[in-house]
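Grab a coffee and let's look at a protein together. A student asks, a tutor answers.

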Amino acid sequence: MPVVDVDPDELRHLTGHDEKDDEELKSDLFDLGLEFEGWTEDDEFQLEFAPDRLDRLSVEGVARSLRYHYGDDRGVYVPTTNSAEWTIEVEDQPEERPYVTGAVVRGLDMSEDALESLIQVQEKLHATMGRKRAKGAIGVHDLTMLKGEAASDGTGKSITYTSADPDEATFVPLDADREMTPNEVMAEHETGQTYGDLVADFDRVPAIYDAIGLFSFPPVINGRRTEVSEDSRDLFIEMTGTDQWTIDRMCNIVCYALEARGGKVERVEVQYADDAPGEYAGRTLERPDFEVRTKTVTLDRIESILGVDLDPRDVVDYAERAGLDATETRSEDGVSFEVEIPPYRVDVIHPLDVVDDIGRALGFNSLEPTYPDVSTVGGRHERSRLEDAARDTLVGLGFEDLLNFHMTNEAENFDRMNVAPDDDCVGAAEPVTIQEPYSEDYTILRTWALPSLMMVLENNTHRRYPQDLAEIGLAAWLDDTENTGAAEHRTVAGALARTDASYEDAKARLQAIAEAFDEDLRTPATTHPSFIDGRAAEVVLDGESVGVVGEIHPSVLVEHDLELPVAAFEFRLDALE
């Protein structure tokens with residue numbers, strides 16, 4: 001969960017409620033879903049909150065939520081913006097990072113507190129929406145230190161987002177006192193070493209130029225020339241990334257935070273070249289994108305989820321107190337509401353999110369708990385009972401029970417186990433793929449659990465042997481016959497790593513499991529690419545083939561840096577029912 005540091009005095013100042021003491025603030029923040037986690041060394045609140053409310057990554061965002069909570073502000077607020085004077089011209093940018101957005105904010109009183117808050121929201125957005133700068137990176141510059149070129153349309157000033165030769169372009173990066181090339185920054189500069197991997201494989205790296213020269217090397221580091229200080233009054237904000245929607249939403253959050261400090265937001269035009277990569281080639285965008293979105297939600301749905309009867313006028317009132325605007329409409333189907341969503345609310349993607357906001361404005365603590373109007377009593381599902389019984393049996397046989405991630409990658413799930421998705425064997429299936437993976441380590445849902453056990457053995461070669469490991473967990477694969485497009489089941493996997501591990505050892509434990517559940521076990525010979533030929537067999541329980549058992553193939557052991565033999569098995573949990 002994200003944690004943000006908030007100065008309570010700043011919070012009182014920005015909300016206009018100096019009469020609130022610390023305990024009252026904590027209570028009010030808790031009502032909003034922000035939990036007090038402790039104090040920092042500088043006597044600031046450490047607040048933990050839901051990771052979807054990224055508009056609360058700064059003290060300005062938290063203060064905005066409190067003002068709505070107190071009733072001081074109501075409804076959707078969209079800052080007025082001045083016409084664009086600056087243009088970002090986009091040409092020859094890296095295909096791997098094709099998008100850019102920006103804004104100008106003028107008239108700021110950049111105090112020490114305001115500067116610290118800006119740095120914090122920048123870092124927190126990098127870590128969350130920006131996926132550690134891989135998906136989006138923020139650059140904030142002192143506007144007075146930029147010298148714009150004449151814009152291509154003959155009006156205003158422009159900077160250029162393009163690409164540069166990493167061995168030829170030079171600039172003085174932040175926290176440096178000499179000119180460096182991008183490659184030198186990535187090799188020698190502390191920040192460059194941290195984020196250089198994001199662009200290290202690019203033939204030409206992202207670069208932003210003004211009339212003087214290179215001043216930003218996104219997503220790695222800004223130039224020292226445009227560094228923001230407490231003396232800065234006018235700022236230029238630029239963001240680059242792999243997704244236009246993401247960086248536009250990040251820009252909105254930053255602009256709202258700076259506008260709360262008295263800044264005046266000025267639009268920037270983003271002009272993509274006709275041959276630019278991505279979907280915006282040849283288009284001109286006006287940013288920031290302060291478009292107000294709408295969601296439709298019915299009164300029946302609000303009442304059924306919250307469990308209370310509401311007057312439509314109260315729903316409109318609660319929506320406004322949550323920073324939304326709601327318009328009541330009536331039809332033959334009943335009462336519904338067109339709800340307007342402010343630009344900084346990146347979390348509202350479903351009508352249920354609107355219901356949650358209305359419930360918070362109403363006050364979840366004020367809701368009377370009631371028993372469900374059903375004649376049933378909760379209890380353990382039979383599947384859960386079966387899983388617990390199987391786990392107890394495995395532990396009784398000497399296995400150490402594991403809980404691994406259900407997400408993995410193609411290399412671990414297939415390649416390192418000598419398995420291909422189209423093979424006809426246990427573990428071979430078309431995997432469920434993550435469209436926008438957070439990490440290259442987690443790109444699919446695993447199709448079987450044995451690779452997870454092999455990874456644990458690989459990471460524990462420094463531990464004492466024998467190592468007998470087992471796991472009961474999820475396996476999934478694509479299946480067009482399922483409503484969700486994916487099939488899944490619980491799978492049981494075990495591995496014995498020891499000097500004398502053999503097929504007989506693994507089968508003996510399988511036999512004990514089968515007898516514990518009164519199942520008939522047979523093990524006809526089979527072949528499997530992860531196991532040694534002649535030392536592998538099917539697991540057949542009550543006449544149904546449900547898994548595999550055998551000795552792991554030497555090539556798989558070498559791939560996992562294992563020097564001891566490993567005997568293993570895997571079968572479907574539901575075969576024990």
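What follows is a short chat about this predicted model.

Student: Okay, how is the chain divided into domains, and what separates the centres of domain 2 and domain 4?
Tutor: Walk along the chain and you meet domain 1 (3-70), domain 2 (82-287), domain 3 (293-366) and domain 4 (382-576). Now take the centres of domain 2 and domain 4 over their C-alpha atoms. The separation between those two comes to 48 Å.

Student: What box do the C-alpha atoms of the whole chain fill?
Tutor: Lay the box along the principal axes. Inside the chain there are 15 helices and 26 strands, and 52% of the 577 residues count as buried. The C-alpha atoms fill a box of roughly 80 × 70 × 50 Å.

Student: R67 has a salt bridge partner. Does R67 count as buried or exposed?
Tutor: Its partner is D73, and the N to O distance between the two side chains is 2.7 Å. D73 is partly exposed, with a relative accessible area of 26%. R67 has 19% relative accessibility, and the cut-off for buried is under 20%, so R67 counts as buried.

Student: And R330, which bridges to E328: buried or exposed?
Tutor: The closest N and O atoms of R330 and E328 are 2.8 Å apart. E328, at 30% relative accessibility, is partly exposed. R330 reaches 61%, and exposed means over 50%, so R330 counts as exposed.

Student: Which helix holds both R360 and D356?
Tutor: These two form a salt bridge, with their closest N and O atoms 3.7 Å apart. R360 is partly exposed at 31%, and D356 is partly exposed at 32%. They sit four residues apart, about one turn of the helix, and that helix is α10 (residues 351-362).

Student: How many salt bridges does a search of the whole structure find?
Tutor: Some of them are linked up: R380, E387, D388, R391, D401 and R490 form a network of salt bridges. The pair R360 and D356 is another example of a salt bridge. Searching the whole structure gives a total of 40.

Student: Last one: where is D113 placed, and how exposed is D113?
Tutor: D113 belongs to a patch of negative charge on the surface, along with residues including E41, E112, E116 and D231. Its place is in helix α4 (residues 112-127). With a relative accessible area of 32%, D113 falls between the cut-offs of 20% and 50%, so the word for D113 is partly exposed.

Conventions: Residues numbered from 1 in each chain as written. Heavy atoms only, no water. Patch = residues over 30% accessible without salt bridge, like charges linked within 9 Å, V, L, I, M, F, W, Y side chains within 5 Å. Areas by Shrake-Rupley, 256 points an atom, 1.4 Å probe, with all protein chains shown as cover. Salt bridge = Lys/Arg side-chain N within 4 Å of Asp/Glu carboxyl O. Lys, Arg positive; Asp, Glu negative; His and termini not counted. Charge placed at Lys NZ, Arg CZ, Asp CG, Glu CD. Helix = DSSP H or I, 4+ residues; strand = E, 2+ residues; numbered from the N terminus. Buried < 20%, exposed > 50% of the residue type's maximum accessible area, 1.4 Å probe, protein only. Domains from an automatic or database assignment.
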